[in-house]
Amino acid sequence: MDVSVIGHRSSKLKDELAIAAEYYASLLLPRRVCKNISLAIKLLPKMSDDAMGYCSFVDKDGAYKEFEIALDKKMSKEELLEYLAHEVVHMKQFAIGELNDGFISKRKARWQTTPIDESKVDYWDQPWEIEAYGREVGLYRLWKQSLGEEEDL
């Protein structure tokens, strides 16, 4: 996986975010998929819609190989790493075809094989968000454990 991080002066933080993204992706994606992904992580001073981050695909042909994750740079390092895990789950969802956001119409997505009208389903009940929120803490804890910073689970 090719990862770049922009938007922060600290090369140490940028390196840690890149390595963490690769770690999270290695746990979530088959190796053959992971090795073909290009990810740009952008730390932004102000996010729109009160979001802490987002994941989007850059591919024009729908191949789901080029992604961008934006994160609110005002978060602490720990929050950035945990929210990065959340967004990498979304990247996985796009990359393996679980989530096709906006391909049916402007406010509709397809989760696995089911069309979902996002305007009729509460954010917290959207299946892609349930998975992302459900996995972010565990992925972050595994990351910390891999660095020897957290006791075995």
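A disulfide is a pair of cysteine sulfur atoms within 2.5 Å. The legends below describe close-up views of a predicted model.

**View 1. Cysteines C34 and C55 in a structure that holds 0 disulfides.** The sulfur of C34 has its closest cysteine sulfur in C55, at 13 Å, which is too far for a bond. Since the cut-off is 2.5 Å, the pair is not counted as a disulfide because its sulfur atoms are 13 Å apart. Seen from C55, the closest cysteine sulfur is likewise that of C34. C34 is buried, its relative accessible area being 10%. C55 is also buried, at 12% relative accessibility.

**View 2. Packing of helix 1 against helix 3.** Helix 1 spans residues 11-28 and helix 3 spans residues 77-95. Their axes lie 9 Å apart and form an angle of about 40 degrees, and the crossing is right-handed. Helix 1 contributes L13, E16, L17, A20, A21, Y24, A25 and L28 to the contact. From helix 3, the contact is made by K77, L80, L81, L84, A85, V88, V89, M91 and K92. By class, the residues of this contact comprise 14 nonpolar, no polar and 3 charged.

**View 3. Helix 3 and the glycine that follows.** Helix 3 consists of 19 residues. From its first C-alpha to its last, helix 3 reaches 26 Å, close to the 27 Å expected at 1.5 Å a residue. The helix is mostly covered, with 15 of its 19 residues buried. After helix 3 comes G97, which has a positive phi, near 85 degrees.

**View 4. Q112 in the loop between strand 6 and strand 7.** The loop joins strand 6 (108-111) to strand 7 (114-117). Most residues other than glycine have a negative phi. Q112 is not a glycine, yet its phi is positive, at about 55 degrees. Q112 counts as partly exposed, with a relative accessibility of 43%.

**View 5. Surroundings of D72 in strand 4.** Strand 4 covers residues 66-72. D72 is buried, because its relative accessibility is 9% and the limit for that class is under 20%. When neighbours within four places in sequence are left aside, D72 is in contact with L44, P45, M47, A51, M52 and L80. Of these partners, L80 also takes part in the contact of helix 3 with helix 1.

Technical notes. Residues are numbered from 1 along each chain as its sequence is written. This is a predicted model: local features need pLDDT of at least 70, side-chain atom pairs count only at pLDDT 80 or more; totals for chains, interfaces and linings use all residues. Side-chain values use heavy atoms; hydrogens and water are left out. Axes are lines fitted to C-alpha atoms, for helices over the stretch in contact, and angles run from 0 to 180 degrees between N-to-C directions. Helices (H or I, at least four residues) and strands (E, at least two) are DSSP runs, numbered from the N terminus. A crossing is left-handed if the near helix is turned anticlockwise from the far one by less than a right angle, and right-handed if clockwise. Contact means heavy atoms within 4.5 Å. Ala, Val, Leu, Ile, Met, Phe, Trp, Tyr, Cys and Pro count as nonpolar, Asp, Glu, Lys and Arg as charged, and the others, Gly among them, as polar. Buried means under 20% relative accessible area, exposed over 50%, partly exposed in between (1.4 Å probe, protein chains only). The expected span of a helix is 1.5 Å times one less than its number of residues.
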